[in-house]
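Colleague: Please take one helix and its surroundings in this predicted model and describe them closely. I should then like the account to follow the connections outward, as far as they will go.

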Amino acid sequence: MAHSDGTVSITVNGEHKRVAAGLSLADLATELGLVPEKVAVERNLEVVPRSTLADVRVEDGDDIEIVHFVGGGDHPVAGGGGDHPVAGGGGDHQKPIADDTWTVAGRTFRSRLIVGTGKYKDFAQNAAALEASGAEIVTVAVRRVNVSDRNAPMLTDFIDPKRVTYLPNTAGCFDAESAIRTLRLAREAGGWDLVKLEVLGEAKTLYPDMHETLRATEILANEGFKPMVYCVDDPIAAKRLENAGAVAIMPLGAPIGSGLGIQNRITIRLIVEGAGVPVLVDAGVGTASDAAVAMELGCDGVLMNTAIAEAKDPVMMAAAMARAVEAGRFAYRAGRMGQRRYADPSSPLAGLI
């Protein structure tokens, strides 16, 4: 019911506002200085299809959330469908280097490096690092629009989602419900069904809650999402996620943002050997050699954020990571030499002077 002055009281992103009765959601967005085509709107916990924003009217007491994409994915935060080379390396060594692509959920990419969009000093530096990395996929967080600052820059102004694949993630979600809600809004905001799912157990370690992660994976897959799933380095859990509908498995190499490098080579290799979907190390990379190790284990790719964003020169580190991922992939395809307990001379000993 409208007040005597012809207004209604609503809550927008946690802020109480009085707006004209009969205002449409599209008009509300415009009044807030937003472009309706660039945001997603949730009204009383229900996502409102963007095509109907001009038809839905605000009512007294409405609780409205308006979100867009921001720099996110605090991971250090893209082979599909069973095309892993055989364990031991070199299973696809006949493939030309120029054709060494990988596929996830039917989409093919050349770069095996995925980068995040959080922790940079500004969006301009983020865009420069992305360019240096050669990455074709970036993780992005779904967050409330800043309705108090209409001139706040938006990630899409610096990184064009028509040129780079946005991978909405659920960073900061600690239960299945909040992760699912976030990705439903992400799909409305940008139309993406390829998403990154992570459901954390607690704030200290940022380890995944695998029970909630598995539950969210099943629900999202049934709703048509294609979730790439952050998980523990457990081959059994990884297979359960795959069976639940995960299109990629993303085990941590070490705790998020730690930069400790790949601490669990054996279990990651076991996940790679048993997976029928792409496997990407997600979390733990600190420097270029860590990225190379992940690729030498047979992973299809590496996702990182902190390792680049917190480097003294993020743009230079991004370029280093691109080369490390490529070198590690080539080394895996080439097949490393066997390891021996004793020396073995490179030159023959027969015929010595």
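Modeller: Helices and strands are named here as DSSP runs, a helix having at least four residues and a strand at least two, and they are numbered from the N terminus. In those terms, A283 belongs to the loop between β14 and α7, and α7 is the helix I have chosen from this predicted model.

The approach to the helix is itself notable. A283 is a residue other than glycine, yet its phi is positive, near 100°. Most residues other than glycine have a negative phi. With a relative accessibility of 0%, A283 falls under the 20% limit and therefore counts as buried. A positive phi is also found just after α7, where G298 takes a value of about 100°.

The helix itself covers residues 288-296 and is mostly covered, with 7 of its 9 residues buried. These are A288, D290, A291, A292, V293, A294 and M295. An α-helix has 3.6 residues a turn, so residues three or four places apart point the same way. The buried residues of α7 pack against two helices, α6 (265-274) and α9 (314-334), and against two strands, β14 (280-282) and β15 (301-304).

This packing leads to the nonpolar interior. The largest nonpolar core has 60 residues, and V138, L197, I249, I262, M304, I308 and M321 have the most contacts inside it. To this core α7 gives the most, namely 6 residues. A second core, of 18 residues, lies apart from it and includes I10, L23, A26 and V41. The link between the helix and the 60-residue core can be followed at M321. Beyond its neighbours within four places in sequence, M321 is in contact with A288 and A291, and also with L113, V285, G286, T287, M304, A307 and I308. A288 and A291 are among the buried residues of α7.

L197 and I249, also listed among the residues with the most contacts in that core, lead on to a group of strands. Strand β11 (residues 194-197) pairs with β12 in the parallel sense over 4 bridges, and L197 stands opposite V229 of β12. The chain passes from β11 through α4 to β12 in a right-handed β-α-β crossover. On β12, V229 also has I249 of β13 as a bridge partner. Strand β13 (residues 248-251) runs parallel to β12 and is joined to it by 4 bridges. Here too the connection is a right-handed β-α-β unit, made of β12, helix α5 (residues 235-244) and β13. V229 thus has partners in both β11 and β13. As for accessibility, β12 is mostly covered, 5 of its 6 residues being buried.

The loop leading into β12 presents another setting. G224 lies between α4 (210-222) and β12 (226-231), and its relative accessible area of 33% makes it partly exposed. Beyond its neighbours within four places in sequence, G224 is in contact with R187 and D193. Its C-alpha lies 9.4 Å from that of L194, although the two are 30 residues apart in sequence.

One further loop may be set beside that of A283. N44, which is not a glycine, has a positive phi of about 50° and sits in the loop between β3 (40-43) and β4 (46-48). N44 is partly exposed, at a relative accessible area of 37%, whereas A283 is buried.

Notes
Residues are numbered from 1 along each chain as its sequence is written. This is a predicted model: local features need pLDDT of at least 70, side-chain atom pairs count only at pLDDT 80 or more; totals for chains, interfaces and linings use all residues. Side-chain values use heavy atoms; hydrogens and water are left out. Buried means under 20% relative accessible area, exposed over 50%, partly exposed in between (1.4 Å probe, protein chains only). Contact means heavy atoms within 4.5 Å. A nonpolar core is a set of buried Ala, Val, Leu, Ile, Met, Phe, Trp, Tyr and Cys residues joined through side-chain atoms within 4.5 Å. Two strands pair if DSSP finds at least two bridges between them. A crossover is right-handed if, with the strands pointing away from the viewer, the path from the first strand over the helix to the second runs clockwise.
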